[in-house]
Amino acid sequence: AAEMLKQDDASAEGYFLMGMAEVGTRRLQPAAAAFSKALSLDEQRYDAAVELARLHCNELRNGDAAALLDRYRDKLQGSPMYLNLAGMLYRQLGMPEKSWSLYQRANELQPDVEAIEANLATTAVYLGKLEEAKLFLEKLLARNPTHQRNHLALARLETAANTNHIEQMQEVLRQTNLPAEQNVFLYYAIGKELEDLEDWGEAFKYFKMAGDAVASVADYDINDDIDLVNKIIDVCNTDWLQDNPAKVDSNSKGKQPIFVVGLPRTGTTLTERIISSHSKVLSVGESQIMQLIIRQASGSTGFEKITPEMIDVTSKIDIDVIGNGYMNMLDYRLGDEPVFVDKTPFNIFYLGYIAKAFPTARIVVLKRNPMDSCFSMYKQSFTWAFKFSYTLDGLGQFYVAYDRLLKHWKEVLGDRLIELEYEKLVTDQDNQTRSLLDNLGLEFEDSCLNFHKNEAASATVSSVQVRQKMHAGSVYRWKNYAKELHSLKEHLEN
C-alpha cells in the first residue's frame, strides 16, 4: 500500500488498502484517516465508507456511523460482503429495521451463504417476521445440524407441540459429546421445549445443566455486584441529588424522556411496547447508552462493567456531562416524536444520574413476583452482564441487594417513580394501560392496547412474546418448580 501511494499519492485504492492494513495491525486512528482520504479522492468508494462506519461504531461515534451508512446504502447494491457488513452495523446501532433489505439483497446476489442467512434469521425475529425466521433457521440447521445457537433460536420461535426437535437436539449432544460448557445453548433450548410440553422436572434439569455450565467458567464473584449496589446507595443520596442538578429541560433537547427499568424478564419489554405504540412516542430500545456515558465520564476507555470506583469518580462531576453525553450519543436515533422511551432494565442502577440529569424524565419501574422474576432469568441464556443469574444462590443474593436498591430509590426519588406491577398489567390490561399513560402525561390511544400489532423492531429475548396478545400465562409459573426452587424461596423469605 505504501509503495502504491509513493507512485501515486492520489490513489483511492492505495489509501483503502492502507486502511485495511492499519485495521489488521489494530492501528485504528491511522486506518480511519486512510479510509477518509480514500473517500475524499473517490466518493464512490462504498467499501471505504462502510469500513469507516465500522471504525466509528467501535469508537461509539454512533451518529457518524449511521449518517455514513445512510449516505452509502444505495451504493452497496452490487456487493454481498458490504451489504452484509452494513446490515450488521445497523443492527449494532440498534436499527435492525434498516438491516433487513440489505441482507435480502446480499442473499439475492449470493445465495446459500451461512453468515448472510443467519443474519436474515436473527433480523426476521426482531421484526416479527417469524415464519421467515423459521424457514431460514430450518435451512441453516439442515446444512449444519449441530449449530447450537440456531437450535436455541428455533426453539424460541414458537411453543413446542411435540418432542421431535428435542430428540434432534439430544442426538446432537450424543454425537458431538462436547464438555458441558460447550453445550449451553442446547441445554437452554431443550429445557425451553420441555417446559412448553409441561415436563417440569426434566425441563429444570436442563436449565440447571446450562446454568451450572456457564457458572463453571464465568469467573464471577457476587460480591462485586453487591459492592456496586452498596456504593450507589451510599453516594447517590438525597443530598447528592439536590446538589447542582441540571436545569429543567437543559439536557433533553426538547424531547420528553421516559426510562423503563427493572430486572430482566419482569415486563420491561411489554411495557415499552405499550408506551411506544403511542403516536407521540419513539422507542430507542435497550440503548445501553447511560452506562456507556458513565463509563466514559469515569475515564475508562474499555467496556468493562461499571465499578464502585467509577461511581465515586462520576458522582463528583458536573451532571450535564452525563446528560449531554447521553443525548448527544442518542441523537441519531431520534425523530419527530416529542417523546422517546429507553427500555434498558439495568438503568435501575443509574436512576440517580437519570433523575439528576433529566429533572422532568418519567421513570417507570417494573415489579414482578420475586420467585417468577428470579426463575424467569434463571432459564434464559443471557450475556455475560448477568452472571448472577446462572445459579439459584447467586440469584437469591442478587435479588436481595436489588430489593435494597429499589427501596433506596423509592426513598430518595419518591413520586418520580411510576411503579407498575407485572401481574396487574397482564390481568387488567385496559385499566393499567390507561393509568400508565395518564402518569406519563400521554392521552389514551387504542393502539397502546393493541401493542402486539406494533411492527417496530424488538431486539430482546422477549421479541417473540411481544408479538402476542396480552396473557397471564407466565404468572406464578415458578410454582411448577416449587420443589426445585425451594432453596431460593427460603432464601428470599429469610
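Student: Which residues form one aromatic cluster with Phe 375?

Tutor: This is a predicted model, where local features need pLDDT of at least 70, side-chain atom pairs count only at pLDDT 80 or more, and totals for chains, interfaces and linings use all residues. Residues are numbered from 1 along each chain as its sequence is written, and side-chain values use heavy atoms, with hydrogens and water left out. Rings of Phe, Tyr and Trp (its six-membered ring) pair if their centres lie within 6.5 Å; planes under 30 degrees apart are stacked, over 60 edge-to-face, the rest tilted. The cluster joins Phe 375 with Trp 200, Phe 204, Phe 207, Tyr 378 and Tyr 481.

Student: How many aromatic pairs are there?

Tutor: A pair of aromatic rings is described by the distance of the centres and the angle of the planes. By the centre-distance rule, the count is 23.

Student: Is the pair of Phe 204 and Phe 375 stacked or edge-to-face?

Tutor: The ring centres of Phe 204 and Phe 375 are 6.3 Å apart. Their planes meet at 20°, so the pair is stacked.

Student: Is Phe 375 buried or exposed?

Tutor: Buried means under 20% relative accessible area, exposed over 50%, partly exposed in between (1.4 Å probe, protein chains only). Phe 375 has 2%, so Phe 375 is buried.

Student: Is the pair of Phe 207 and Phe 375 stacked or edge-to-face?

Tutor: The centres of Phe 207 and Phe 375 lie 6.1 Å apart. Their planes are at 75°, so this pair is edge-to-face.
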